[in-house]
Every structure is written in structure tokens, then in C-alpha cells.
Amino acid sequence: MNFTLTEIPLNYYLALSAILFSIGIVGVLTRRNAIIVFICIEMMLNSVNLTLVAFSAFLGNPAGQILVFFVMAVAAAEAAVGLAIVISIFRNKMTVNIDEINIMKW
Amino acid sequence: MIAVAAVASAVLMVIQKNPIKSVLFMIVNFFCLAVIYLLLHAQFIAIIQILVYAGAIMVLFLFVIMLLNLGDESLLKEKVNFRKTIAYILSGVILLELIVGIILPPNLHPIRQSPDAFKIGTVEAIGATLFQNYLLPFEAVSILLLAAIVGVVVLAKKKFK
């Protein structure tokens, strides 16, 4: 059987997305560096983007790709704001260890 | 093949101690995802992925890491060790649940890509959809980005006491 690239089943894309998402969760939960946590959140957003693009291609509906566009815009804004917060926390406490950042705790 | 590269770079990213190496592996991961988008006939999304993520966001991350002059992460000491075990168990459970959810309904998904997939991925088609059906969200995103710019300038400028 001629197995061309357009015949990769949808399940494979979804499985790859699930694996990437889980790696992102591991990163968020185990790493203590605030910047690495941000990068892992970006990767989780990316895996969801992959799901959206895969469904968009398999269903022939452009809405998924439009949503990916918006997700990227929001991710850019989120990364910029998050890094600004990291910078201002670092300026005050000289650390990016999220165990030592407890100013929101009561 | 590309999927294996994507997963490998993601794993390397998470286990890497040095944040700069971690970001570089993340860029590799983004390029792999861009290639996968091309396989799905989403040219516009693939280009945007490389330009925005690998180009802009990762440069931002690298810039902040170098600005803060972060070294090895081993300086950040662990407080609780059993939390790591719980984290691994939790993410393993989530992965298992996702995989089961994908595998169990075997006939739910079409095997082939839709014949329209060639058409909807082009810049022309995306632009037409964006400006006809999704004009209001597009403008809302522009306001969101403006608010983010102002907020970042305020946050990065302010001197807390």
C-alpha cells in the first residue's frame, strides 16, 4: 500500500500533541526556574496548536487555523508580561526560584 | 521522524540544567512543529510559527536569561523532594488519559486529510477568513497586544521599594 504523507491518520498527530503536552506538564511541575516554567507553558500552548491545526486540516475547516493565529498572539503577550514580572521580581529578590517567591502567599 | 525529533528536543529541553541550552532545544522543537504544520498543509501557520515563536518569543527569552545572568540551576535548591514524584505521577496519569481518549474511539477520525486542506492553509485563504468572519476578534487581539505593551513597560520600569 502506498503510504503517502497525507494519509498519516489524525490519531498520530493527536498522540504527538498529547506527548508534548505531558512533557510540558512535567516541566512546569518539576523545574524550579521561573523562565523554564514559562517555556514549558509555551510548549503546552504549542501542542494545543498542533491539535487545532490537525483537526483543521482533517475537517477542511479554516476556523482552527484562525484560532491558532489568536493563540499565538495571546502567547506573545503572555510571554512579554510574564518576563517583565520575572525581571521585576528578580530586581527585588535576586532570585528566579519559584519556591522562594511567596509574596502572593498569605 | 519529525515527531521523534520534536519529542526528543522537548525532553532534552525539560531535563537541561542550563536555561540557555533549554531555550535552544525549544527552538529546535518549534522548527519540528513548523515542519509538521507544513505536512498538514498549513503554510501560513508554519511561517508564523518560525517568525513569531522561534524569531520573536525565543529571542525575548534568551534576552531575559542573559539580562538576569542566570547560571546553573543547581544553585536553586530543592525544598521538597517528594513533590517531584507526585508531579511525575500526575503528568503520567494525564498522558495516559489523553492517549486512551485518542485510541478508544477507533472510527471517530477520518484517515485522510480533507481535500480542502490544500486550499485553507494559504495566506490568501487565511486572510480572507480572518477579515471577513473574524474581524472583531482580530481587532480585540490588537487591543490586547497594545495593553500588553503598556503593561510590560510599566512593570519593567517601576522601582519597588
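This is a short walk through the contact between chain A and chain B, followed by a few residues that repay a look. The model is predicted, so local features need pLDDT of at least 70 and side-chain atom pairs count only at pLDDT 80 or more, while totals for chains, interfaces and linings use all residues. Residues are numbered from 1 along each chain as its sequence is written, chains are lettered from A and ligands numbered from 1 in the order in which they are written, and side-chain values use heavy atoms, with hydrogens and water left out.

Let us begin with the interface. Chain A brings 75 residues to the contact and chain B brings 79, where contact means heavy atoms within 4.5 Å. Between them the two chains bury about 7000 Å², and 76% of that is on carbon and sulfur atoms. Buried area here is the accessible area (1.4 Å probe) that two parts lose on being put together, summed over both.

Which helices of chain B supply at least two residues each to the side that touches chain A? They are H1 (2-15), H2 (19-39), H3 (43-68), H4 (82-103), H5 (117-120), H6 (123-132) and H7 (135-157). Helices (H or I, at least four residues) are DSSP runs, as are strands (E, at least two), and both are numbered from the N terminus. Helix H3 of chain B gives the most to this side, with 12 residues. Sorted by class, the same side of chain B holds 56 nonpolar, 11 polar and 12 charged residues. Nonpolar covers Ala, Val, Leu, Ile, Met, Phe, Trp, Tyr, Cys and Pro; charged covers Asp, Glu, Lys and Arg; the others, Gly among them, count as polar.

The rule finds 0 salt bridges across the interface of chain B and chain A, a salt bridge being a side-chain nitrogen of Lys or Arg within 4 Å of a carboxyl oxygen of Asp or Glu. Polar contacts between the chains come to 2 residue pairs, both at pLDDT 80 or more. A polar contact is a pair of N or O atoms within 3.5 Å; within protein, one must be able to donate a hydrogen and the other to accept it, and residues adjacent in sequence count only if both atoms are side-chain atoms.

Now find B:Gln49 in helix H3 of chain B. Its side chain joins that of A:Asn46 in a polar contact of 3.1 Å. B:Gln49 counts as buried because its relative accessibility is 0%; buried means under 20% relative accessible area, exposed over 50%, and partly exposed in between (1.4 Å probe, protein chains only). Beyond its neighbours within four places in sequence, B:Gln49 also touches A:Met72, B:Phe30 and B:Tyr37, among others.

B:Val64 lies in helix H3 of chain B too, and is buried at 4%. Leaving aside neighbours within four places, B:Val64 is in contact with A:Ile35, A:Leu83 and A:Ile87. In helix H6 of chain B, B:Thr129 is buried at 12%, and its contacts on the same terms are A:Pro62, A:Ile66 and B:Tyr134.

B:His41, in the loop between H2 and H3 of chain B, has a positive phi near 60 degrees although it is not glycine.

Finally, the cysteines: there are 0 disulfides over all chains, a disulfide being a pair of cysteine sulfur atoms within 2.5 Å. Why is B:Cys32 unpaired? Its sulfur is 16 Å from the closest cysteine sulfur, in A:Cys40, which is too far for a bond.
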